[in-house]
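Student: Could you take me slowly through one part of this protein, the salt bridges, and then show me what lies on the surface and in the interior around it?

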Amino acid sequence: RSMTLKFQEKKIYYSVVGKGEATVLLHGFLESSKIWEEFLPEFSKHGKIITIDLPGHGRSEIVSEVHRMELMAEAVHEVFKATGVKKANFIGHSMGGYVGLAFMEKYPQLINDFMLLNSTPQADSEEKKENRDRSAELVEKNKKAYVSMAIKNLLSPANSERFSDEVQDLIKEASHFP
């Protein structure tokens with residue numbers, strides 16, 4: 001069931017499926033809650049699953065010029081309030097892991113279990129920070145090329161080919177993100 005709420009006067013989309021103990025699934029950069037769709041039928045057999053389009057991703061609007069992880073964690077907290085969830089498990093994929101860590105720092109009493117999926121609790125290295133800055137410059141110059149390259153680099157070449165239809169869907173969707 002897809003829903004929307006207002007966070008800082010902007011729309012945030014989320015969905016809730018299943019009943020019981022809650023698990024929040026947080027997507028990565030250039031993704032949306034759609035990344036979790038194939039898992040929902042099985043996961044929702046075991047509890048309530050909440051997926052969120054983080055600000056600036058999927059159907060959620062841009063909230064700020066810069067979406068710091070703490071800001072996105074506040075958006076997740078608004079979803080908690082809207083759904084009445086008191087405590088949840090978290091699975092954070094890549095950037096979603098960073099958002100989850102920011103949420104854990106700000107609201108530790110609201111988390112049961114926490115899993116990082118292709119993410120890390122360590123601070124980014126200087127090299128990773130420089131690459132992120134270069135990425136921002138590339139987005140300004142050629143967003144379409146950046147999105148295509150970034151999504152294809154998420155997978156090994158063999159899996160990029162194996163899941164070429166899904167990769168193209170992700171690229172098409174991410175190309176529309178502001």
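Tutor: What follows begins with the salt bridges and then turns to surface patches and two buried residues.

Please keep in mind that this is a predicted model. The count of salt bridges comes to seven, and three of them can be looked at closely here. In one of these, Asp53 pairs with Arg59, and their closest N and O atoms are 3.7 Å apart. The two partners sit in unlike surroundings: Asp53 counts as buried because its relative accessibility is 2%, under the 20% cut-off, whereas Arg59 is partly exposed, with a relative accessible area of 46%.

Another salt bridge joins the side chains of Arg68 and Glu70, with 3.4 Å from N to O, and Glu70 is partly exposed at 33% relative accessibility. A further one links Lys81 with Glu78, where the N to O distance is 2.9 Å. These two residues both belong to helix H2, which covers residues 69-83, and because they are three residues apart in that helix, about one helical turn separates them. Lys81 counts as exposed, since its relative accessibility of 51% is over 50%, while Glu78, at 23%, counts as partly exposed.

Turning to charges that are gathered on the surface, you will find a negative patch formed by Glu37, Glu38, Asp165, Glu166 and Asp169. Of these residues, Glu166 lies in helix H6, which runs over residues 164-174, and Glu166 is partly exposed, with 41% relative accessible area.

There is also a nonpolar surface patch of about 240 Å², to which Leu154, Leu155 and Phe163 contribute. Leu155 is placed in the loop that lies between helix H4 (126-152) and helix H5 (157-162), and at 34% relative accessibility Leu155 counts as partly exposed. Leu155 is also one of the contacts of Ser160, which, once neighbours within four places in sequence are set aside, touches Lys152, Leu155 and Val167. Ser160 itself is found in helix H5 and counts as buried, because its relative accessibility is 17%.

Finally, consider Gly28, which is located in the loop between strand E3 (22-26) and helix H1 (40-43). At 0% relative accessibility, Gly28 counts as buried. Apart from neighbours within four places in sequence, Gly28 is in contact with His57, His93, Ser94, Met95 and Gly96. As for Leu54, Gly28 is 26 residues away from that residue in sequence, and the distance in space is 9.0 Å, taken from C-alpha to C-alpha.

Notes
Residues are numbered from 1 along each chain as its sequence is written. This is a predicted model: local features need pLDDT of at least 70, side-chain atom pairs count only at pLDDT 80 or more; totals for chains, interfaces and linings use all residues. Side-chain values use heavy atoms; hydrogens and water are left out. Patches are made of residues with over 30% relative accessible area and no salt bridge: like charges are joined within 9 Å, nonpolar side chains (Val, Leu, Ile, Met, Phe, Trp, Tyr) within 5 Å. Accessible areas come from the Shrake-Rupley method with a 1.4 Å probe; for residues, only the protein chains shown count as cover. A salt bridge is a side-chain nitrogen of Lys or Arg within 4 Å of a carboxyl oxygen of Asp or Glu. Helices (H or I, at least four residues) and strands (E, at least two) are DSSP runs, numbered from the N terminus. Buried means under 20% relative accessible area, exposed over 50%, partly exposed in between (1.4 Å probe, protein chains only). Lys and Arg count as positive and Asp and Glu as negative; His and the chain ends are not counted. The place of a charge is taken as NZ of Lys, CZ of Arg, CG of Asp or CD of Glu. Contact means heavy atoms within 4.5 Å.
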